[in-house]
Amino acid sequence: MRIRRYAPQDLEQMLQLLYDTVHNINIKDYSPEQVDVWAPKEPEVEKWSGFFENNICYVAEIDDKIVGFGDLTEKGYLNTLYTHKDFQRKGIGSALLKAFESEARNLGVSEITTEASITARPFFEKHDFVCVKKQNKEYKGMVFINFLMKKSLR
Ligand SMILES: CC(C)(COP(=O)(O)OP(=O)(O)OC[C@H]1O[C@@H](n2cnc3c(N)ncnc32)[C@H](O)[C@@H]1OP(=O)(O)O)[C@@H](O)C(=O)NCCC(=O)NCCS
């Protein structure tokens with residue numbers, strides 16, 4: 001597996017990965033209506049490319065296939081972290097997170113925060129994130145439970 005920086009030509013594969021992961025993995029914890037709002041068939045391409053271009057964005061690749069990605073703001077907020085539905089529990093999320101932690105340390109950021117899905121919470125706990133609070137986040141008229149979590153880098 002190789003971790004590298006995002007390039008604009010990755011976007012299409014990443015949005016397909018996001019759709020497939022949300023509809024096959026997050027569906028265990030969220031309703032069909034919620035996953036349709038989270039990852040609609042027609043993605044908001046401009047919104048996502050804006051995140052990936054403006055934030056620090058890495059993709060994980062195996063044999064030129066994108067198997068995971070994430071993006072981190074310069075303030076240490078982990079905005080996304082997704083592993084391909086067929087590559088879950090193989091260490092890809094951990095490898096990406098390690099790259100982001102090292103990037104955050106280099107930026108002098110003292111903690112990483114994220115808003116973890118119900119699905120991702122055990123992953124972040126395993127990596128020493130603590131839950132700050134449970135949230136009912138409203139997005140496009142639907143309420144999503146997630147968890148504000150943080151990890152000190154000191
Ligand atoms: C969260 C996510 C990115 C983790 O990626 P991953 O590549 O599967 O994670 P790893 O293989 O590195 O997992 C490392 C460890 O975290 C823990 N972990 C990961 N997923 C877990 C789960 N569903 N339940 C319990 N523990 C879990 C385990 O200890 C795991 O080690 P193990 O497999 O040896 O037991 C992935 O599950 C995902 O894509 N989830 C759906 C999208 C999502 O909700 N993203 C975050 C919110 S935006």
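## Helix α3 and its neighbours

The buried residues of α3 pack against four elements: α1 (11–24), β2 (56–62), β3 (65–72) and β4 (77–83). Keep in mind that this is a predicted model.

So who's doing the packing? Helix α3 covers residues 45–54, and its buried residues are Trp48, Ser49 and Phe52. Look down the axis of α3 and these buried residues fall within an arc of 95 degrees, so they line one face of the helix. Flip to the other side of α3 and you'll find Glu46 and Asn54, which are exposed.

## Around the ligand

Now for the ligand, which has 17 residues surrounding it. The closest are Gln88, Arg89, Gly91, Ser94 and Ser117.

Two of those residues, Gln88 and Ser94, also turn up in polar contacts through their side chains. For Gln88, a side-chain N or O atom sits 2.7 Å from an oxygen atom of the ligand. For Ser94, the distance from a side-chain N or O atom to a ligand oxygen is 2.5 Å. The backbone joins in as well: a polar backbone atom of Leu81 is 2.8 Å from a nitrogen atom of the ligand. On its own, the ligand has 920 Å² of accessible area, and the protein covers 78% of that.

## The annotated span

What does UniProt place at residues 1–154? An unreviewed entry there gives the feature "domain: N-acetyltransferase" for that stretch. In the model, residues 1–154 are 34% helix and 35% strand, and the C-alpha atoms at the two ends of the span lie 28 Å apart.

Notes: Residues are numbered from 1 along each chain as its sequence is written. This is a predicted model: local features need pLDDT of at least 70, side-chain atom pairs count only at pLDDT 80 or more; totals for chains, interfaces and linings use all residues. Side-chain values use heavy atoms; hydrogens and water are left out. Buried means under 20% relative accessible area, exposed over 50%, partly exposed in between (1.4 Å probe, protein chains only). The arc is that of the directions from the helix axis to the C-beta atoms. Contact means heavy atoms within 4.5 Å. A residue is near a molecule or strand if one of its heavy atoms lies within 4 Å of it. A polar contact is a pair of N or O atoms within 3.5 Å; within protein, one must be able to donate a hydrogen and the other to accept it, and residues adjacent in sequence count only if both atoms are side-chain atoms. Accessible areas come from the Shrake-Rupley method with a 1.4 Å probe; for residues, only the protein chains shown count as cover. UniProt positions are given in the numbering used here, feature names are shortened, and annotations may be inferred rather than shown by experiment.
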